[in-house]
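Reader: I should like to learn how the features of a model of this kind are read. May we work through them in turn?

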Amino acid sequence: MLKAQNITVSLGKSEILHDVSFEAKPAQLTAIVGPNGSGKTTLLRAMTGDAEYSGTVELNGHDIKTARAWELASERAVLPQATPLAFPFTVLEVVRLGLNSGVTADKGGLVMRALRRVGLAGFEGRFYQELSGGEQQRVQLARVLSQVWEPVTDDTPRWLFLDEPVSALDIGHQLQVMQIAKDYADAGGGVVAVMHDLNLTAMFADSIALISEGRVLRQAAPEAVLQDELLSRAYQCSVRVNTPPADGTYLLPHAASFAAE
Ligand SMILES: Nc1ncnc2c1ncn2[C@@H]1O[C@H](COP(=O)(O)OP(=O)(O)O)[C@@H](O)[C@H]1O
Ligand SMILES: [Mg+2]
């Protein structure tokens, strides 16, 4: 279980998150959605201990503030929104960073398994900087997977925190990456993913938290969050949610309603 309560984050002089509470269960994919700048990344960074916050974050029953770095690293892995690298690392070297320490032997060939999992077998000798944005994003996912490969260890779930994991991907690779996340949850792990694409979110999420201006407007099952009025209010545009007869949920942007300046 991941339980964040009364999270407030200030960056510079402004308060970015205002008393936010959020929950995620293992064996589920929990999505965080909301407009640009609403605080999704900030909430994720607070819950992974990467941003200072007031409030409490419990992961698997313990307060993350009292956990040691290596304990957290073996319990959860984080895919940041952007991962620029200043040095010319190869793909193999980047994915190896996910292993718990540079000297840990790669038991079971995890690095190669992770690369195969994201469809990048054969890329291990390439330079990270020379890959496309979408390929780099999947290399980073392989790094994250190699860090917490087994979704459950000693009866304890492990967690993936993914900040816009499919933002640079074509639709085929979007589905591939969402399926990897779903499989991780189906195997008992926890997944928390910041998402922009509401249709993919509708297809894959078990629970959705909708954030607007640093507050959670609603966290609930997808059908209770993917509501016309609620989404229109959050995204400041008119949204209609449609459910085709046999094939899940889809959304179409409908009409902009921004006032002219
Ligand atoms: N280091 C910072 N200092 C001041 N403001 C920041 C900083 N980082 C982000 N912000 C602001 O915090 C708000 C939330 O940002 P973020 O959590 O990244 O939004 P998003 O929902 O798009 O992920 C935005 O208004 C952003 O401009
Ligand atoms: Mg963000």
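**Reading the metal site, the sheets and the helices**

Author: Thr41 has a relative accessibility of 24%, so this residue counts as partly exposed. The model is a predicted one.

Reader: Which protein donors does the magnesium ion (ligand 2) have?

Author: The general reference is this: ideal angles are 109.5 degrees for four tetrahedral donors, and 90 or 180 degrees for six octahedral ones. Here the protein donors of the magnesium ion (ligand 2) are OG1 of Thr41 and OE1 of Gln81, at 2.0 to 2.4 Å from the ion. Thr41 belongs to helix H1 (residues 40-47) and Gln81 to the loop between strand E6 (76-79) and helix H3 (91-96), so the pair ties together parts that are 40 residues apart in sequence. Gln81, with 40% relative accessibility, also counts as partly exposed.

Reader: What is the strand order of the open sheet of six strands?

Author: The order is E6-E9-E10-E3-E11-E12, and the pairing is mixed. E6 and strand E12 (215-220) are at the edges with a single partner strand each, so one side of each has no neighbour in the sheet. On average, neighbouring strands in this sheet are turned by 15° against each other, direction ignored. Within the sheet, strand E9 (residues 159-163) pairs with strand E10 (residues 190-194) in the parallel sense over five bridges, and Leu160 stands opposite Val191 in E10. Helix H5 packs on the sheet and touches E6 and E9, its direction making about 170° with that of E6.

Reader: How is the packing of two helices described?

Author: Two packed helices are described by the angle between their axes and by the distance between the axes. In this model the axes of H5 (residues 133-147) and H6 (residues 171-186) come within 12 Å and cross at roughly 10°. H5 is therefore roughly parallel to H6. Arg138, Leu141 and Leu145 of H5 make the contact with His173, Gln176, Val177 and Ile180 of H6. By class, this contact has four nonpolar, two polar and one charged residues.

Reader: Which strands stand at the edges of the open sheet of four strands?

Author: That sheet has the order E2-E1-E4-E5, with antiparallel pairing. Strand E2 (14-24) and strand E5 (62-63) stand at its edges, each with a single partner strand, so one side of each lacks a neighbour in the sheet. Strand E4 (residues 54-59) pairs with E5 over two bridges in the antiparallel sense, and Leu59 is opposite His62 in E5.

Reader: Is Thr8 buried or exposed?

Author: Thr8, in strand E1 (residues 2-11), is buried, with a relative accessible area of 19%.

Notes. Residues are numbered from 1 along each chain as its sequence is written. Chains are lettered from A and ligands numbered from 1 in the order in which they are written. This is a predicted model: local features need pLDDT of at least 70, side-chain atom pairs count only at pLDDT 80 or more; totals for chains, interfaces and linings use all residues. Side-chain values use heavy atoms; hydrogens and water are left out. Two strands pair if DSSP finds at least two bridges between them. Axes are lines fitted to C-alpha atoms, for helices over the stretch in contact, and angles run from 0 to 180 degrees between N-to-C directions. Angles under 35 degrees count as roughly parallel, over 145 as roughly antiparallel, 65 to 115 as roughly perpendicular and the rest as oblique. Contact means heavy atoms within 4.5 Å. Ala, Val, Leu, Ile, Met, Phe, Trp, Tyr, Cys and Pro count as nonpolar, Asp, Glu, Lys and Arg as charged, and the others, Gly among them, as polar. Donors are N, O and S atoms within 2.8 Å of the metal (3.2 Å for Na, K and Ca); water is not among the atoms, so sites may look incomplete. Buried means under 20% relative accessible area, exposed over 50%, partly exposed in between (1.4 Å probe, protein chains only).
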